Amino acid sequence: MIEIKGLTKSFGKFKALDNIDLDLLKGQAISLLGPNGSGKTTLIKSILGLVIPEKGTICINGHVVKNDWSYRSQIGYMPQIGRYPDNMTIEQVINMIKEIRADHKTYDEELISGFGLDKVKNKMMRNLSGGTRQKVSACLAFLFAPDIYILDEPTAGLDPVSSELLKEKITRERSAGKLILITSHVLSDLEGIASHIIYLQDGRLMFYKTVEELQLSTGEEKLNRVVAHVMKTELPSLKSRL
Amino acid sequence: MKIIIKYVLLDLLRNRIVIVYTVLLAILSVSVLGLDANPAKGLLSLLNVSLLFVPIITILFATIYFFNSIEFTELLLSQPIKRKSVLLAEYAGVAASLAGAYAIGVGLPLLFLVSGTESLILVLTGILLTLIFTSLALLIFVKSRDKTKGIGVAIGTALFFTLLFDGLLIAFIYSFGDYPIDKAVIGIIAFNPIDLGRVLMLLQLDVAVLMGYSGALFKKFLGSATGSIFSLACMVFWVILPLLLSVKVFKKKDL
């Protein structure tokens, strides 16, 4: 579904992404991990066409991402920080996106009712808490039932109930054969969701493995312990090889 | 694109600053026009106030608005829309609401108190200046990486055109006063949209004493009609050029 070849991007002298090759397939739920500044957001933004890569290609369902913007109709994006025009109501924001995507007539509004946003739809965006704004972002990402979801820290700022709701939704979408790409620092939130793990460091791809593979090689069960184990034992040797 | 313009307008028409700006302009217009029995003097004072405040308020408000909408712009860009459409729609929304504020704040009082061609030209000048400085704000937004820098450049730009430019022009005229520089000065004035606005209005008012050096030059060399068309054309150019540049830069910008 998403094929990335030799992707490189630097900001000035700083290499945010260094020759990344990835092949992401249908039905995978990929957790994108790495320390701050490792290039996770740059990778996501490159896929969305928000950051323009220097070298390399990104193909989505066979379409090369460059000047053709139509591929973005297949992606649902939930940004890390959602900020909206102050004086728009929740309903207006949702309607606007619906009007922009006039080609789409069926909507997945499960999350809107699940989060109870339909009850506060006339609230102005400036009066919303960070968590509620996050819920609006989540609803927008799922609204058109796209084939690919890109979720940047989706559960950050959500209350436990909403967080669970969102996680259930992600799991359901994954079993429906969608491709899901998540970044999160809260590893326990990814438990049971993630099927694969991509680890980035200093803009380089350290590994791209299934969770089972990692569980086997580390002998740990829980995701956070698996990752901690890998970071302590495997990463240093990986780094020396690169 | 129309949809985005509609919603940006929807947001800005309820924006407190835009509302306060409209009301302030209205109070100012009514009080300035009521001060003097001679409507030409009233129009002139209003012109001076507009030339001083419209550029700086417009460029500051627009720059801050564009920077505050970065995350929203990203969200829009994650939808299947062209970058160009998103940027131009945001420009149109901001420019239309600020121009509307000027049209209502200054235009309405003028319509009731001093209606006539001169008033129409003043409103036109104000609206053109709004469009120009929103356009410059957009260029500043796409060119600068962070908000603080952007706002700094915006203030600098406004001050350059309102104060510094004329100072430099006067210095130029004094230093080369012995040479035939009249035509060169007309050319230089085309580089300052605020001066162009002033000339446009003064040619219309025909108050020779108040026309100043630049206005008199325009009248002498171009005549009222040609002078007006020339300055109008230059101002339209000032709207379009930064817009085209912004679109070009934005196409390659990393968000």
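Q: How many residues does chain A bring to its contact with chain B?
A: In this predicted model, the contact joins residues of both chains. Chain B contributes 20 residues. The number taken from chain A is 26 residues.

Q: Which element of chain B gives the largest share of the side that touches chain A?
A: Two helices of chain B, α1 (2-12) and α4 (70-77), each supply at least two residues of the side that touches chain A. The largest share of that side amounts to five residues. These five residues come from α4(B).

Q: How many residues of the side of chain B that touches chain A are nonpolar?
A: Sorted by class, this side of chain B includes seven charged residues and four polar ones. The nonpolar residues number nine.

Q: How many strands does chain B have?
A: Along the sequence, chain B reads α-α-α-α-α-α-α-α-α-α. This pattern agrees with its count of ten helices. The number of strands in chain B is zero.

Q: What radius of gyration does chain B have, and what would a compact globule suggest?
A: Chain B has 255 residues, and a compact globule with that number would have a radius of gyration near 18 Å. Its C-alpha atoms fill a box of roughly 55 × 45 × 30 Å along the principal axes. The radius of gyration of chain B agrees with the expectation, at 19 Å.

Q: Why is chain A described as being as compact as a globular protein of that length?
A: Chain A holds eight helices and ten strands. For its 242 residues the globule rule gives 18 Å, and the radius of gyration is close to this, so chain A is as compact as a globular protein of that length. The radius of gyration of chain A is 18 Å.

Q: Which strands lie at the edges of the open sheet in chain A?
A: Six strands of chain A form this open sheet, with mixed pairing, in the order β6-β7-β8-β3-β9-β10. An edge strand pairs on one side only. The edge strands of chain A are β6 (75-78) and β10 (204-210).

Q: Which residue of β8(A) is the bridge partner of Ile150(A)?
A: Strand β7 (residues 148-152) of chain A pairs with strand β8 (residues 179-183) of chain A over five bridges. The sense of this pairing is parallel. In β8(A), the partner of Ile150(A) is Leu181(A).

Q: What angle does the direction of helix α4 of chain A make with that of β6(A)?
A: Helix α4 (residues 130-142) of chain A packs on the sheet. There, this helix touches β6 and β7 of chain A. Its direction and that of β6(A) make an angle of about 175°.

Note on methods: Residues are numbered from 1 along each chain as its sequence is written. Chains are lettered from A and ligands numbered from 1 in the order in which they are written. This is a predicted model: local features need pLDDT of at least 70, side-chain atom pairs count only at pLDDT 80 or more; totals for chains, interfaces and linings use all residues. Helices (H or I, at least four residues) and strands (E, at least two) are DSSP runs, numbered from the N terminus. The radius of gyration is taken over C-alpha atoms; the globule rule is 2.2 Å times the number of residues to the power 0.38. Two residues are in contact if their C-beta atoms, placed from the backbone, lie within 7 Å. Ala, Val, Leu, Ile, Met, Phe, Trp, Tyr, Cys and Pro count as nonpolar, Asp, Glu, Lys and Arg as charged, and the others, Gly among them, as polar. Two strands pair if DSSP finds at least two bridges between them. Axes are lines fitted to C-alpha atoms, for helices over the stretch in contact, and angles run from 0 to 180 degrees between N-to-C directions.
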